[in-house]
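Let's take a friendly walk through this protein, going from charged pairs to strands, helices, backbone details and rings. Keep the structure open as you read.

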Amino acid sequence: MPVRIPAIELIEIGAGGGSIASVDNLQRISIGPESQGSQPGPACFGQGGSVATVTDADAVLGHLDPNKFADGQLTLNVTAAEEAMMTSVGEKLHLDAQASAYGISQMVGENMANAGRVHAAERGTALTSRSMVAFGGNGPLHATRIAEKMGVNDMIIPRNPGVGSAVGFLYAPISFEMVSSFYTQLDDFDFVGVNRLLNTMLDQAKQVVATGNPTPENTDQSLIQTRIGFMRYAGQGHEIEVQLPNRDITEADMALLKAQYEAAYRLQFKRTVPGMKIEIMNWAVSISTPVSMPQSISGRSSTTTPPVPDSSQSVYFGDRYGEREAMIYARSKLRPNHCLHGPALITETQTTTLVEPGFSAWVDSGLNLHLKRDEKTPYSAEADHITSSNDKTSNRESSISPIQKQSQIELQLMWSRLLAVVEEQGQALIRSAFSPIVRECGDISAGLFDVEGNMIAQAVTGTPGHINTMAEGVKNFIFAYPLDTMCPGDIYVTNDPWLAAGHLNDFMLVQPIFKHNEVIGFSSCTSHLVDVGGLCMGPQGSDIYDEGILIPPCHLVQSGQINTLLLDIIKANSRAPIENEGDIYALIACCEVGVDRLLVMLDDYHADNLEALSRYILDVSRDASIEAINNIPNGVYHNTLVLDGYESEIVLKGKVTVEDTQIELDLSGSSTCSKYGINVPLNYAAAYSVFAIRCIVAAGVPNNAGALEPFKVIAPENCIVNAVHPTPVAMRHTVGQLLPDLVFGCLHQALPNRVPAEGASCMYDIPMRSIPTETETPFAIELVHNGGTGARPNADGLSATAYPSGVWGSQVEVTESTVPIQVTRRELRIDSGGAGKFRGGLGQIIEFRSSTNSPFILFLSLDRMTHPARGFRGGKSGAPGQVFLNTGSQLPGRGEVTVNPGESVVFESPGGGGFGLPQERERSAVETDQLRGLISPHHAQNEYGLK
């Protein structure tokens, strides 16, 4: 079965003209997802719409000709659009109608450009060398703005853009693509096997194309052929497409293929990984007929005379260009070779094309419009400085002083861009990583920080244990390396559990960002390294020195040069040196991509530093968190959680104090430290505790230092959630990830209808490694699986879902292709969700064994085997977890286990607790659960009374 098959990927990125504009609770302009649709439609249609939409903004700005909209079939009511602008946006932000409309228009463009950039990062593609095709009713109107934000120079507006896809199908060439898998490495290239495969695929593709268009002119010479190799460093999971020569591959091509791959890799990730082997698993061959457009498609002859406008009108382009008189052209009158310069409007029945200043438009022989930048001018929505319509200030405005009101729209747009930048960071880390727990499970974090080390944005992809520890961790590097000692190209690293993310396997990197030779901020990231020596990642260590190598804050990269000695030391202390080296380079790529993307953003907005943006983000987010706290009854709320523990049970005690401006969690009274590695540094305990509080209290506020500031976690030293050096902490997540359930038990008392029941919570984490022998290749891997979440006050819990970690479950195919382990079973665990009005989420069953005749070692640190997840409001507990061998032998939840050949390990992860009385559950819901195999007939009868 091929690993890759041909597919057409369609990702819709856009904003319809009816998308509603509003102001969110952070006083930011928001677009959609609600839409006015065609009924009643935008306010300017005069059909009863009264809220601001994207089309209303375009009408107010003059981007649409009100008298020729839809070929004059509808006259736009600009006055109604202006009134809608004031009602929906202007009065709330104290802007006039034109400023409100401009803010909406720019936010639409920024959102679409951000989506395009992030999607390109996910696909491993650079946009700057591409052309953009704009179609639909709204695409041509926003094309120049979006292209400029994405760095795209060429745009095409096809003929009949409203039905561009349909017309494209009529004239598309007949083509066929074949994809097959055949493994080889560049260093040991199988020329015979690869060439045989490519030629076979070529013959088969030609036969398909010939069947679709059996015309004499489709000879081998006329057919268009493309050959692609999907290349990657050995051990990675994501590939880069490299074009192959349209002939047999020879030894002479090897250097060129390597150079092409490294150039493409460097374009995406800034630097290559020296000495790493390059492999190719998948190959593609495509054949297509020549593209021949009928000569009569235009019906109009070429011309050398300039086009004649029908009229003109005033168009607003922000303070960058201000009010400009734009010529209006009817597209139906344009002829091939017509050329015009912005500002201009090109109208047609289906849409309007806006040619902004600095752009020109040219008509080709097929009557397609080509838009191109006349000059590269960095785009700023608000070098613009939108002018306030009055001097009123709200309480929120006074709290964000000294930021001037007229620049807030620009800051909102920069904030939106910043969130896209950190997503590109995260994708760079995942796509270039080697170990499965990073590239497949997303055990990472990525973020950007101001010059004081305050986190101003973080990637959505990531775990709270990494993100919220990183939020404080950057300041540790600034303390170790003052700003005046930093140089461009420096990157620092540590895995100190008390400075970074809580245990030695998590490496945190920080890179200073320089502009005009001054540090203006930091790019940072964290990910899990699969093995850092010691006893391997398990709870057996008696102190931190048993658990692996500790790297204090130091240079990993100095002035752009890798610290190869440090890298060699890390590799020498690992059972997985290749994976570790590759993941460290992935972390470096993540930092450097963040720096590059941020500097581009600052140039686009003519900003020299992050000072104003950081103050705005932190102040607005802090105020929003405090406002959310004000909606919770003040008081003191207590909860106790009992865990399985290692040598004895663990008691976690929590006291949540809610006051007007802050929430404090006091963990005093919790058990003392274990002598084994399940202890939790306070930074990690605080990370998960605050995450849980914010999920309930301020879920809509983006995570940054300002949003986190009103939340505090305290605990006495040497209790199990405030372990100090050199206490063993390798499996700190076993206890740390159960802290959200402790918090939920407190908050449930204050907010009984908003807090879910307890869940499995702690990952069913399965570190394992080989037993050293002379014949077996050593391996180390960490599999991640999850149980069910607790039922919610108004919905069932989620099955096999990673909360609170957010780490995706390990994939069977990836596991089996990476290490000699065979997964023989993975399924939902029937009856494991706690019964209730709303049922707890189900756990899962995972069974695996050695795929060779060799034993391997498991390092177990599990919980909820004795004390399952409790339900709320009469809901039943979820099923406890268990681990056993196929021989029937039960395994302990903690400790080191050797699995011998012929034995299989069976993991049954816990289920979540139920919410509400089981007898209150809808009979139809019980019947559906039974029909879907989520509960057994016996469970349905005993727990729910269904007969």
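## Salt bridges

A salt bridge here is a side-chain nitrogen of Lys or Arg within 4 Å of a carboxyl oxygen of Asp or Glu. Please bear in mind that the model is a predicted one. By that rule, the side chains of Asp619 and Arg622 meet in a salt bridge, at 2.9 Å from N to O. Both residues belong to helix H15 (residues 611-629), and because they are 3 residues apart, about one helical turn separates them. In general, an α-helix has 3.6 residues a turn, so residues three or four places apart point the same way. Asp619 counts as buried, at 12% relative accessibility. Elsewhere, Glu110, Lys149, Arg417 and Asp604 are joined into one network by salt bridges that share partners.

How many salt bridges does a search of the whole structure find? The count is 35. One of them pairs Arg232 with Glu279, with 2.7 Å between the closest N and O atoms. This pair links distant parts of the chain, as Arg232 sits in strand S6 (residues 224-233) and Glu279 in strand S8 (residues 278-288), 47 residues apart. Arg232 and Glu279 are both buried. Asp253 and Arg247 form another salt bridge, 2.8 Å from N to O. Here Asp253 is buried, with a relative accessible area of 6%, whereas Arg247 is partly exposed at 40%.

## A four-stranded sheet

Now follow the strands in the order S29-S30-S34-S32: they make an open sheet of 4 strands with antiparallel pairing. Strand S29 (821-828) and strand S32 (882-885) stand at the edges; each has a single partner strand, so one side of each lacks a neighbour in the sheet. From one strand to the next, the twist averages 15 degrees.

S29 pairs with strand S30 (residues 844-850) in the antiparallel sense, over 7 bridges. To find the register, look at Glu827, whose bridge partner in S30 is Ile845.

## A covered helix

Is helix H4 (residues 139-150) mostly covered or mostly open? It is mostly covered, as 11 of its 12 residues are buried. Among the buried residues of H4 are Leu141, Ile146, Ala147 and Met150, and charged side chains including Arg145, Glu148 and Lys149 are buried too. Lys149 is also a member of the salt-bridge network with Glu110, Arg417 and Asp604. Just after H4, Gly151 takes a positive phi of about 80 degrees.

## Backbone details

Most residues other than glycine have a negative phi, and most peptide bonds are trans. With that in mind, a few places are worth a look. Lys270 is not a glycine, yet has a positive phi of about 75 degrees. Lys270 lies in the loop between helix H7 (254-269) and S8, and is partly exposed, with a relative accessible area of 33%. Cys536, again not a glycine, has a positive phi of about 80 degrees. The loop between strand S20 (518-528) and strand S21 (554-558) holds Cys536, which counts as buried at 7% relative accessibility.

Where do cis peptide bonds appear? One joins Gly32 and Pro33, with omega about 0 degrees, and Pro33 is found in strand S2 (residues 29-35). Another runs from Tyr803 to Pro804, with omega near 15 degrees. Pro804 lies in the loop between strand S28 (780-785) and helix H20 (812-818).

## Aromatic rings

The whole structure holds 18 aromatic pairs. Tyr233 and Tyr261 form an edge-to-face pair, 5.3 Å centre to centre with 85 degrees between the planes. Tyr233 is in strand S6 and Tyr261 in helix H7, 28 residues apart, and the pair links these distant parts of the chain. Tyr233 is buried at 0% relative accessible area, and Tyr261 is buried at 0% as well. Tyr233 and Tyr261 also belong to one aromatic cluster with Tyr265 and Phe269.

Phe744 and Tyr803 form a stacked pair, 6.2 Å centre to centre and 15 degrees between the planes. Phe744 lies in helix H19 (residues 739-750) and Tyr803 in the loop between S28 and H20, so the pair ties together parts 59 residues apart in sequence. Phe744 is buried at 3% relative accessibility, while Tyr803 is partly exposed at 26%. Finally, look at Trp415: the charged end of Arg28 sits over its ring, 4.6 Å from the centre.

Notes: Residues numbered from 1 in each chain as written. Predicted model: local features only at pLDDT ≥ 70, side-chain atom pairs only at ≥ 80, totals over all residues. Heavy atoms only, no water. Helix = DSSP H or I, 4+ residues; strand = E, 2+ residues; numbered from the N terminus. Buried < 20%, exposed > 50% of the residue type's maximum accessible area, 1.4 Å probe, protein only. Pairing = 2+ DSSP bridges. Axes fitted to C-alpha atoms, helices over the stretch in contact; angles between N-to-C directions. Phe/Tyr/Trp six-rings, centres within 6.5 Å; stacked < 30°, edge-to-face > 60°. Lys NZ or Arg CZ within 6 Å of the ring centre and 35° of its normal.
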